[in-house]
Amino acid sequence: YRALFEQAFPGQAEPITAENWGKAIGAYERVLLTPAPFDRYLQGDAGALSAKQKQGLDKFMATGCGGCHSGVTVGGQMYQKFGVTADYWSLTGSKENDILKGRDKGRFHDTKKEEDAFFFKVQQLRNVAATPPYFHDGSVATLSEAVRVMSKLQLGKDLSDADVGDIVAFLESLTGEVPQNFAQVPNLPVAAYKQQ
């Protein structure tokens, strides 16, 4: 890998560093795109979303979901308290964790700062319809229930069944096609094999 890192990070005395590994992994992850109907809609294809999905997008935005779930990944950009209006476990059914000796307190476990208690990274919503169960502990089985819980806990809003259905329809438009070469083993430099 040395030659590849020297090429990717020219002029550095030591190109193989934790920071550069992070940059390399980040560059790789940015090519793991799964183009979805929502992307076609954003590019001007009005027919890429159904009427129900468009209604769901409107309700998603009007409810306030876009305040945290934003950007190209529709989330994943910030930390937020999980349970703004009530303790999250009151609606998710989350159990106490023996390893953590109580409830999962999110960032607190890393920072040991009380102000970080119950703050979690906002989940990105790309392919969310294909990735149950939901939340940091898998406590909610369905996307419909996750939408209902998030609206209540984060925004203090009770959604009707119709609103939940529309928002779920929109979230399904974020499911993209996995590239055919996604599961193929990459061609690694010969030197990497010799070191093993």
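# Exercises on a Predicted Structure

Cys65 is buried, with a relative accessible area of 16%. The exercises below concern a predicted model.

## Exercise 1: The cysteines

Task. Determine how many disulfides the structure contains, and why Cys65 is not bonded to Cys68.

Solution.

Step 1. Consider the distance. The cysteine sulfur closest to that of Cys65 belongs to Cys68, and the separation is 9.1 Å.

Step 2. Apply the cut-off. A disulfide requires two cysteine sulfur atoms within 2.5 Å. At 9.1 Å, the sulfur of Cys68 is therefore too far from that of Cys65 for a bond.

Step 3. State the count. The number of disulfides is 0.

Step 4. Add the surroundings. Cys68 has a relative accessible area of 24% and is therefore partly exposed, whereas Cys65, at 16%, is buried.

## Exercise 2: Aromatic pairs

Task. Classify the ring pair of Phe38 and Phe170, and state which helices hold the two residues.

Solution.

Step 1. Choose the descriptors. Two aromatic rings are described by the distance between their centres and the angle between their planes.

Step 2. Place the pair in context. The structure holds 13 aromatic pairs. For Phe38 and Phe170, the ring centres are 5.2 Å apart and the planes stand at 80 degrees, so this pair is edge-to-face.

Step 3. Locate the partners. Phe38 belongs to helix 3 (residues 37–42) and Phe170 to helix 8 (residues 161–172), so the pair ties together parts that are 132 residues apart in sequence. Both Phe38 and Phe170 are buried.

Step 4. Examine another pair. Phe82 and Tyr88 are stacked, with 5.0 Å from centre to centre and 10 degrees between the planes. Phe82 is buried at 8% relative accessible area, and Tyr88 is buried at 1%.

Step 5. Extend the view. Phe82 and Tyr88 belong to a cluster linked by ring pairs, together with Trp89, Phe118, Phe120 and Phe135.

## Exercise 3: The nonpolar cores

Task. Identify which helix supplies the largest share of the largest nonpolar core.

Solution.

Step 1. Recall the general tendency. In soluble globular proteins, nonpolar side chains tend to be buried together.

Step 2. Find the central members. The largest nonpolar core has 20 residues, of which Phe60, Leu125, Val147, Phe170, Leu171 and Leu174 touch the most other members.

Step 3. Compare the contributions. Helix 4 (51–63), helix 7 and helix 8 each supply at least two residues of this core. Helix 8 gives the largest share, 5 residues.

Step 4. Inspect one member. Apart from neighbours within four places in sequence, the contacts of Phe60 include Cys65, Val74, Leu125, Phe170 and Leu171.

Step 5. Look for another core. A second, separate core of 8 residues includes Phe82, Tyr88, Phe118 and Val149.

## Exercise 4: Two polar side chains

Task. For Arg126 and Gln55, state where each residue lies and which side chain is its polar partner.

Solution.

Step 1. Locate Arg126. This residue lies in the loop between strand 2 (119–121) and helix 7 (143–155). Its relative accessibility is 14%, so Arg126 counts as buried.

Step 2. Name the partner of Arg126. Its side chain makes a polar contact of 2.8 Å with the side chain of Asp39. Among the other residues that Arg126 touches are Thr34, Val74 and Leu174.

Step 3. Locate Gln55. This residue is in helix 4 and, at 39% relative accessibility, counts as partly exposed.

Step 4. Name the partner of Gln55. The side chains of Gln55 and Asp166 make a polar contact at 3.1 Å. Gln55 and Ile167 are 112 residues apart in sequence, but their C-alpha atoms are 7.6 Å apart in space.

## Exercise 5: The backbone

Task. What sign does phi have in Val74 and in Lys112, and are these residues buried or exposed?

Solution.

Step 1. Consider Val74. Phi is near 55 degrees, a positive value in a residue other than glycine. Val74 lies in the loop between helix 4 and strand 1 (79–81) and is buried, at 6% relative accessible area.

Step 2. Consider Lys112. Phi is near 65 degrees, again positive in a residue other than glycine. Lys112 lies in the loop between helix 6 (108–111) and strand 2 and is exposed, at 57%.

Step 3. Note a further backbone feature. The peptide bond from Pro132 to Pro133 is cis, with omega near -5 degrees. Pro133 lies in the loop between strand 2 and helix 7.

How values were computed. Residues are numbered from 1 along each chain as its sequence is written. This is a predicted model: local features need pLDDT of at least 70, side-chain atom pairs count only at pLDDT 80 or more; totals for chains, interfaces and linings use all residues. Side-chain values use heavy atoms; hydrogens and water are left out. Helices (H or I, at least four residues) and strands (E, at least two) are DSSP runs, numbered from the N terminus. Buried means under 20% relative accessible area, exposed over 50%, partly exposed in between (1.4 Å probe, protein chains only). A polar contact is a pair of N or O atoms within 3.5 Å; within protein, one must be able to donate a hydrogen and the other to accept it, and residues adjacent in sequence count only if both atoms are side-chain atoms. Contact means heavy atoms within 4.5 Å. Rings of Phe, Tyr and Trp (its six-membered ring) pair if their centres lie within 6.5 Å; planes under 30 degrees apart count as stacked, over 60 as edge-to-face and the rest as tilted. A nonpolar core is a set of buried Ala, Val, Leu, Ile, Met, Phe, Trp, Tyr and Cys residues joined through side-chain atoms within 4.5 Å.
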